[in-house]
Structures are given as structure tokens and as C-alpha cells.
Amino acid sequence: MGARTVVIVGGGVIGLSTAYQLALRRYGRIVILEKGRLGGGSSCRAAGITSGLLWSETGVRARKVGLQLFRELGRTLPGYTYHDEHGCLNLFSPELWPAREKLLPLYDRLGAPYRILSAAEMGRRWPALRPPGDFIGLHDPAGGFSEPPEYLSALARAAAGLGVEIHEREKAVEWVLESGRLIGVRTLLGMFRADAVVATVHAWTLPALAPLAVRPPVKHFVHQRYLSAPVSARLDFPPVNADPFGGYVRPAAGNRLLLGVETPEREDWKVDSTDFEMSGLKAPPGLRDRTVKEFRAFLPALADATWESEQVGLISFSMDGEPVLGPVAAVPGLFLGHAFHSGGFAYNPVAGLLLAEWVSEGRTSIDVSAFSPDRFAAAEAEKHLATTIPQKDAFRRRH
Ligand SMILES: Cc1cc2nc3c(=O)[nH]c(=O)nc-3n(C[C@H](O)[C@H](O)[C@H](O)COP(=O)(O)OP(=O)(O)OC[C@H]3O[C@@H](n4cnc5c(N)ncnc54)[C@H](O)[C@@H]3O)c2cc1C
């Protein structure tokens, strides 16, 4: 295709996936600039759970493609396994179910597969789980999980094998404009000229894009997950998104348990510097033990779990809950991909595909106007950014 160059700023799972998809299309020169280590933001902290049962038409359509890509990558990426053996289970109390039940006609219309299970059916199918008798399960047979470190290294190896230039510890410090068009970025080591620049800098978006006066209305919330030491029980069950217990749980490599939990009362976390590091974030004391207590009757295997690690990062929600993905009209040459709620890992293959289509073809194979960075009115966006809200007042969208 000639000598085109794209620079991708941010080497998390979204940036990597964009690079990989562009490389598959033989776009030209593809450069990733990552200020730290690949995946060192939220991506390495993710639980890696995926489901196709989302909340909007665009979301459901996009995830359908994304889950298909996960399956293909599971077959083609050496060293990576997509765990869809048990699908993904979304668990509801009778109080929480009606809001989700309203979405079933959307899933039917778009052909997103699901099955509704009673508590007894869930228990029969996965004896490790003991849901309360009046709970409802919404099972997604196409969902599943990945181990994020395994996925990140497999994808990085594949991208590098296709010629993607990966620059770690190289921060984009300046956006270079010529006659109003973005023509590249500067790092401390030099200038990278580009036909297109993709910013996949997640929680750093506002401070990073401040010089371009691009201010998407996105809020970040602290989010945490815990990994157990190997447990003795047999862990044959799907990842479970368990809103009634305020979190989620899945089996993890080495017969471990991974438990994730949100903090509904915690206010949004303002990232105001490009030097921000997620390693400085802390979970509230005692949160893990309180979460284990919440989950223990549902998953008795937790009773003998001891804990090996805690990961704390940020998840990001736009003002209308949908991702922000596509070209920015005010800055020709700039493309954004961020605000994937707590589902950026699950979105990554299709987000990469869509960004690659925008960059290489100027259009996408599915209509993603609902994700456009230009959809927010400036005054509303500023009003949203000026507020501080607890997570419970933001959109509740998991994986
Ligand atoms: C505890 C936890 C559990 C989660 N579990 C799940 C889950 O089960 N399923 C799911 O789908 N999602 C999950 N998520 C969400 C998911 O992790 C994120 O949505 C996803 O990782 C976002 O990927 P990203 O590439 O946009 O961001 P990041 O991984 O944060 O990458 C952004 C990168 O940009 C780099 N960067 C920033 N500024 C610059 C600059 N100026 N120059 C160069 N580089 C720069 C940063 O260093 C960073 O590496 C979870 C998140 C957390 C915190």
C-alpha cells in the first residue's frame, strides 16, 4: 500500500490491537509509542472477562464481531487461549433483572446468543456455584475470558512479527500540527511524522490531548481485582458477572480464583497530568475480605482461598456510557479510542479492527456513529467534566 505511516500513542490492549489490525492490512509503517511498558496501564490489571450482551445496538453489534475475533485469535495466536469453554454468566437478583430483561428483544434482533437459567439450572450445570433460589442467570455462550498477560505478550509478538515498531518508554510529548492538520508527534528522542495518529491513552486522554483542546467528557473510577493462590476445589464454571454481589469472579490459571470488585461510593478519579501512574492507586483497606464474605455462600470454593496479589487500576465511562472511537473532526489526522467502561479488554479486538478501518479506509464495516468523538456538545461536556460523582451515579456497565 505504499509508504504511509501511522503512529499509535499508548501501548495498552487497544493500541496494540489497532497496530495488529493495521499490520494485517499491510497499512505501511506502524509505530507504537508507549511511555512505560506495553500493557502497563489498565490492560495488565484487567480480569479479561468478555460478554456480548451489552446495552446498546452498536455495542452488541461490535461485540459480536469482537467475540468472533477472540475465537479466531485463540486459534491463530501462538501462546494464547480464549477460554470460552463455559461461556460467561451474568447473574441477577429479582430486583436487578427487569432492567436487563428489557434488552432481550435487542439481543434477539441482533442474533446475540443467550440462555436464561434458573438458580437450580445454574447449580446443576456448574455444581461449584450456589446462587440464591430466586436469582436469574443470563448465560452468554460466546463470552469467556482471557489471561491478560498471556494475551498481551502473544499480541505484541504477533504485531512485532508483522513489522510493527514498538517503542517502550517513549512518551509522546507534543502533537505537531501543520495548517490545522496533525502531521505527527514528538517524543524526547525525536519527531515521528505520520499520515494518521491514533490516541489510545485511556485515562491519560484529557491531559494528553489538552494542547489540542480536545476534551471528551469521560470519568475514571478506581477498580480492583484479586488473585488467589491455587485452591483445592475443582473450578469448572464460567466467569460470573455478579452485580448483586458488587463484583465478578472467574477461575484463573493454575486453579486460582480471580475476584473483582467495584467501589460504588468512591468518587471519580481526576487524572490531571500526563505523568500519572496507576501504580500509585490504592484499594480501600478491608475491601477484599468484605467482598469474599459477599461471595462466599455463592461460591464455597472461596472459603479456603488465600490471596497472592491485588491489582488496582482505572475504568473509564463517557457521559453517555458508550465508548469514544473514531476520527476527531476538529483535528484532521487524529483518531481516538477510549472510554470502554469496564469492558476495554473485551472490546479490544473489535476496537482495533474499527480503528484500523477508520485509519486505512476512512470508514468502518459496522456503523459506529454512536461512538463518534464528535457526538458531545461542548457545553454539556464541560459541565460533565466539572462535576465529581461517585461511581454509583455513573453508568453501570461491566465487561
Ligand atoms: C482491575 C480491573 C479489572 C478489569 N477487568 C476487565 C475485564 O474483566 N474485562 C474487560 O473487558 N475490561 C476490564 N477492565 C478494563 C480494561 O482493563 C480497560 O478498559 C482496558 O485495559 C483499556 O485498555 P487501553 O489500551 O485503552 O488502556 P491502558 O491499558 O491503560 O493503556 C493506555 C496506555 O497509554 C500509555 N500512555 C499514556 N499517555 C502516553 C503518552 N503521552 N505517550 C505514550 N504512551 C502513553 C499508558 O502508559 C498506557 O500504557 C478492567 C480494569 C481494571 C482496572
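In this predicted model, Ala119 belongs to helix 5, which covers residues 119-125. The points below start from that residue and then turn to a set of paired strands, to the largest nonpolar core, and to the packing of helix 2 against helix 9.

**Ala119 and its surroundings**
- Ala119 has 17 C-beta neighbours inside 10 Å and therefore counts as partly exposed, since a residue is called buried only from 20 such neighbours upward and exposed at 12 or fewer.
- When neighbours within four places in sequence are left aside, the contacts of Ala119 are Pro131, Pro132, Gly133, Asp134 and Phe135.
- One of these contacts, Phe135, is 16 residues from Ala119 in sequence, while the C-alpha atoms of the two residues are 5.7 Å apart in space.

**Strand 2 and its partners**
- Strand 2, made of residues 29-33, is largely enclosed by the rest of the structure, because four of its five residues are buried.
- Strand 1 (residues 5-9) pairs with strand 2 in the parallel sense over five bridges, and within this pairing Thr5 stands opposite Arg29 of strand 2.
- Strand 2 also pairs in the parallel sense with strand 8 (residues 165-167), here over three bridges, with Val31 standing opposite Glu165 of strand 8.
- Together with helix 1 (residues 13-24), strand 1 and strand 2 form a β-α-β unit that is right-handed.

**The largest nonpolar core**
- In soluble globular proteins, nonpolar side chains tend to be buried together.
- The largest nonpolar core of this model has 114 residues, among which Val6, Val7, Leu16 and Val197 touch the most other members.
- Helix 9, spanning residues 344-361, supplies the largest share of this core, with 11 residues.
- Leu16, with neighbours within four places in sequence again left aside, is in contact with Gly11, Ile32, Leu38, Leu152, Leu155, Ala156 and Ala159.

**Helix 2 against helix 9**
- Two packed helices are described by the angle between their axes and the distance between the axes.
- Helix 2 (residues 57-76) packs with helix 9 at an angle of about 100°, and the axes of the two helices are 8 Å apart.
- Helix 2 is therefore roughly perpendicular to helix 9, a description that applies to angles of 65 to 115 degrees.
- On the helix 2 side, the residues that meet helix 9 are Ala62, Arg63, Val65, Gly66, Leu69, Phe70 and Leu73, and on the helix 9 side they are Ala346, Tyr347, Pro349, Val350 and Leu353.

Note on methods
Residues numbered from 1 in each chain as written. Predicted model: local features only at pLDDT ≥ 70, side-chain atom pairs only at ≥ 80, totals over all residues. Contact = placed C-beta atoms within 7 Å. Pairing = 2+ DSSP bridges. Right-handed = clockwise from strand over helix to strand, strands pointing away. Core = buried A, V, L, I, M, F, W, Y, C linked by C-beta atoms within 7 Å. Axes fitted to C-alpha atoms, helices over the stretch in contact; angles between N-to-C directions. Parallel < 35°, antiparallel > 145°, perpendicular 65-115°, else oblique.
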